Structure formats: structure tokens, C-alpha cells
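Me: I am new to this structure and should be grateful for a close look at how its sheets are built. Please take one sheet as the starting point and then set out what surrounds the strands.

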Amino acid sequence: MIPLERERSLDEAERAMRDFLDAQGWRAELERVGAPFAATICSLYDQADGRLLGNGFGKGEADPSRVGALFEAVEHLFTGKAPAHAVLSLRSGADCLADPLLAQLPVRAAFAQQPDRRLACRRYRAFAAGEPDAVLPLFLSYPTYLDWRAPQDDFDYASALRFGSNNGTAIGSSLAEAAVHAIGELIERDAWSLFLVGHFLGDPAAHGYLLPAQELPPALARRLGEAEAQLQREIVLIDATSDLGVPCIIATASDLRDGESIHPCGYGASLYPEHAAMRAITELVQALELPQLQPRLAGYSQAVLNALSAYPKLRDCAVFAIDRTRLRRRRWDFQAPAPLPPTALLELLTARLRARGIDLHYAINHHEPGHFCVINVVSLALERFFLVCSGIVMAPGQRGRDLLAGRLPVPGSAAVLDREAGLMPA
């Protein structure tokens, strides 16, 4: 069986990836904890000298968690260093400041302060034929950029680098599969950002709904119950679907346990709403189970809170103690498309965002035809305020400010939004 949003069965995908690893002389070691939902760590080693190359994490039931960790470990190898075949160019701070695509970024002040200094950039292609490409600074998508910065790049990133993020980077068996997951991550983090802005900086009822467990589809309710039994704690589901019309679900633990300072969360976005919910639930399980395998992860939360200690409202965002009494409730009335291959899903996603004025550009980090593709998709119009949960002191972007001002359209069903945009017949 081929999973939703995938090109291949789990067996076929794993076989193709292991064939690639064997050809490179790399060895994968896997550790797993939790059942029925697992958290898996895959560590990759060079068999020649035993050197650790990197690792990745997987979630879901045992088999998807294993294959997911394997793929993510390889993804991380090709996102922590310079893209091997990318043609780099240099842009001045003044040039970046004048670029309308970069107009809403929180790093504009750094561009203005260094108009003559140069930043290394790469070209990103548009998904739609005939639309212009974009030339974007590398640091925006590579938080590790300073480890391998281009020698001609003389820009001072002291105030800018913290806004870099690998958001929108994904791996898949093909370019289309990877792009679907990358765009899903962008949408998920935009919706998460909007929820943070509304709930903790504005009106908690401005964005997001509680999804009562008793009104979920039976299969989803059963899986939610299994996750709660595994964790021995209540899980709250929040519908954070935005004006983009792609279902986005947040799963969070309603209480804090000894040693916890931040409410653990999981997130998921997909055109398939139950799939989005399961991604959120299994990511929450992963967040709670992984520290058993890597105890150092347990200290990350306190480091975040320390970084935000002088900013109580931002600290509230990171703690994520939601006020359920001030959230609206909604019934589960999502509509899902028929199962579609990644190429068709990609076309639907890009058309939906384009109809709402959202730009999308992509660049390939690494492609091994027949094995996998690692891609980075960028949409500078989408909200990036979620970075505050990593300890970054920042203000909401344009979409967040529009939400606070009541200018962001009220979320509606995807079918209604698509009809309004002319993507579906009335």
C-alpha cells in the first residue's frame, strides 16, 4: 500500500534509500522507543572510519517511524552544508532592501545598515510556468550558513542569522513528493504562527478552534485514545486552519509534568485532514518519547525560556499554556480530496496558494533520481513568528499583524475558498 502523499510503498522507499546508503559506504543505526506510536532516531556513520555523519528522527507506528528517520537523516546531510550544484551569486544589502519579495522580513534593518556589503544568494525557481524566479540570500534557509559561508560574502550576520530557518525543507522519493511535504511544512508553521499571535498577543478567539474528542471521526478518535493511553495524559486537538484553506491541526498536552516547563506540541498540515491530525498527534508523541533516547533534548525548553525571560508575552508563546475557556469549538466537518499522487497534490497546493496571493519558489538541494530528492521551498509571504518558540525575540510579520488588526480573512472551508478563487465550479 502506498501511504498518502507518497510515491512508493514504505518497503520500496526504504529499499531505494538503503541501496543509496550502501553505494556511499554509509551505515544506518536505528533506536526506537514507544508503542503503538514510536519515536525513532537514525544515526548515519561512514563505514570507512566510523565517523558520525548525522541523524534524523521519525514518528508514527514502527514502520513509518523507521523509514521516516532514515529519510530525515539523509535530508539533514544535504541541508547542513552548501548545496553542491547550486550556482551562487552576490547581492548587496541595498539590492536586497529594494527587493519586494524581501520587504516583509525582519532583517530589513540589517540590509539598510549594510547597503554596500554583499550576501551570497541562490536562485529559486517558481512552480508555475512563466512566473519569475527569485534570487534569495542563503542564510534565510540555512541556519548553519556561517559554517560554510562563501568567501566573497562580507555581510555581517550578527543580527540577521537568528531569523534563518530550514522551514520548507523536505525529502521525498521524487521532487513532487518532497515539494508537497515542504509546502505542507510552510503552511503548518504559518498556521502555528497565527495561532500564537492570536492566542497570546491578541484575542484568543481570533484564530483556532478546539476539536472535541467526542466529535472526531471514529477512526481518528480511536487513534487519539491510543496515543493518550500510551502517554498517560490528555491530548488537546486544535484546528488552526488559516485563510489558506489547508487543514492544520495542533496537538498539545493539557498539563505539565515534573521537569516540564513548556507544553509539548505536535503539528500537522495536509489536504487530508485526518492525516494532518495524525501527523500532529504522532509528532507530539515523538516530542515526549525522544528524550528517553537523547536526554540532552530535555534541557532545550529551559534554554528557550531563558532567552525570552525579558519578554513575558513572547515567553507565553513558547510555554503554550492555552486558555481553553476562551477558544471557540467546532465540529469536525472537513472535506478531503480523493487519494491523489504527489504530482496532482502539488498542482492543487500551488494553485490554491497562488490564488490567495502567496508566492512559492523552490531550489533542489540534492537529487538522486530513483532514490530521493531534497528540496527547499520558500514563501516569504507566510508568517514566520513560530521562530519565537526557538527563543528568537521577534515581532509578528505582516500576516500576524493583519490577524491582530482584523484584516486577515476569516477561515472557511477549502471547497468554498476554491470556488471563490475559481479553482472549482460553483
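Reply: The starting point is an open sheet of five strands, arranged in the order β11-β10-β9-β8-β12 with mixed pairing. Its edge strands are β11, residues 265-269, and β12, residues 328-329, each of which pairs on one side only. The model described here is a predicted one.

Within this sheet, one pairing may be followed residue by residue. Strand β8 covers residues 209-210 and strand β9 covers residues 235-239; the two pair in the antiparallel sense over two bridges. L210 has I238 as its bridge partner in β9. In general, the strands of a sheet pair through backbone hydrogen bonds, and the pairing may be parallel or antiparallel.

A helix accompanies this sheet. Helix α5, residues 175-201, lies across β9, β10 and β11. The direction of helix α5 is at about 125° to β11, and the strand β10 that α5 also crosses spans residues 248-253.

A second open sheet has three strands, in the order β1-β2-β3, and its pairing is antiparallel. The edge strands here are β1, residues 26-33, and β3, residues 52-60, and each of them pairs on one side only. From one strand to the next, the twist averages 20°. Strand β2, residues 38-46, pairs with β3 in the antiparallel sense over eight bridges. One position that illustrates the register is L44, which stands opposite G54 in β3.

Two helices may be described in relation to this three-stranded sheet. Helix α1, residues 10-24, packs on the sheet and touches β1 and β2. The direction of α1 makes about 135° with that of β1. Helix α7, formed by residues 273-289, lies across β1, β2 and β3 and runs at about 130° to β3.

Two details of the backbone belong to this part of the chain. In the loop between β1 and β2 lies P36, and the peptide bond that leads from A35 to P36 is cis, with omega near 5°. In the segment before α1 is E5, a residue that has a positive phi of about 70° although it is not a glycine.

Further strand pairings involve β5, residues 118-126. Strand β4, residues 88-92, pairs with β5 in the antiparallel sense over five bridges, and the bridge partner of S92 in β5 is R118. Strand β6, residues 134-137, is also antiparallel to β5, the two being joined over four bridges; here C121 has P137 in β6 as its bridge partner. Strand β13, residues 361-368, pairs with β5 as well, in the antiparallel sense and over two bridges. In that pairing, R125 is matched with Y362 of β13.

The domain assignment provides a wider setting for these elements. According to that assignment, domain 1 comprises residues 10-80 and domain 2 comprises residues 88-163. The centres of domain 1 and domain 2, taken over C-alpha atoms, are separated by 32 Å.

Finally, there is the question of enclosed space. The count comes to one cavity of 30 Å³ or more, and the largest cavity has a volume of about 80 Å³. The residues that line the largest cavity are L140, S141, S165, N167, L186, V378, S379, L382, E383 and R384. In character, this lining divides into four nonpolar, four polar and two charged residues.

Definitions and conventions: Residues numbered from 1 in each chain as written. Predicted model: local features only at pLDDT ≥ 70, side-chain atom pairs only at ≥ 80, totals over all residues. Heavy atoms only, no water. 1 Å grid on protein atoms, 1.4 Å probe; cavity = no way out; pocket = protein on both sides within 12 Å on 5 of 7 lines; lining within 4 Å. Points joined across faces, edges and corners; volume = space filled by probe spheres on them. Nonpolar A, V, L, I, M, F, W, Y, C, P; charged D, E, K, R; others polar. Domains from an automatic or database assignment. Pairing = 2+ DSSP bridges. Contact = heavy atoms within 4.5 Å. Axes fitted to C-alpha atoms, helices over the stretch in contact; angles between N-to-C directions.
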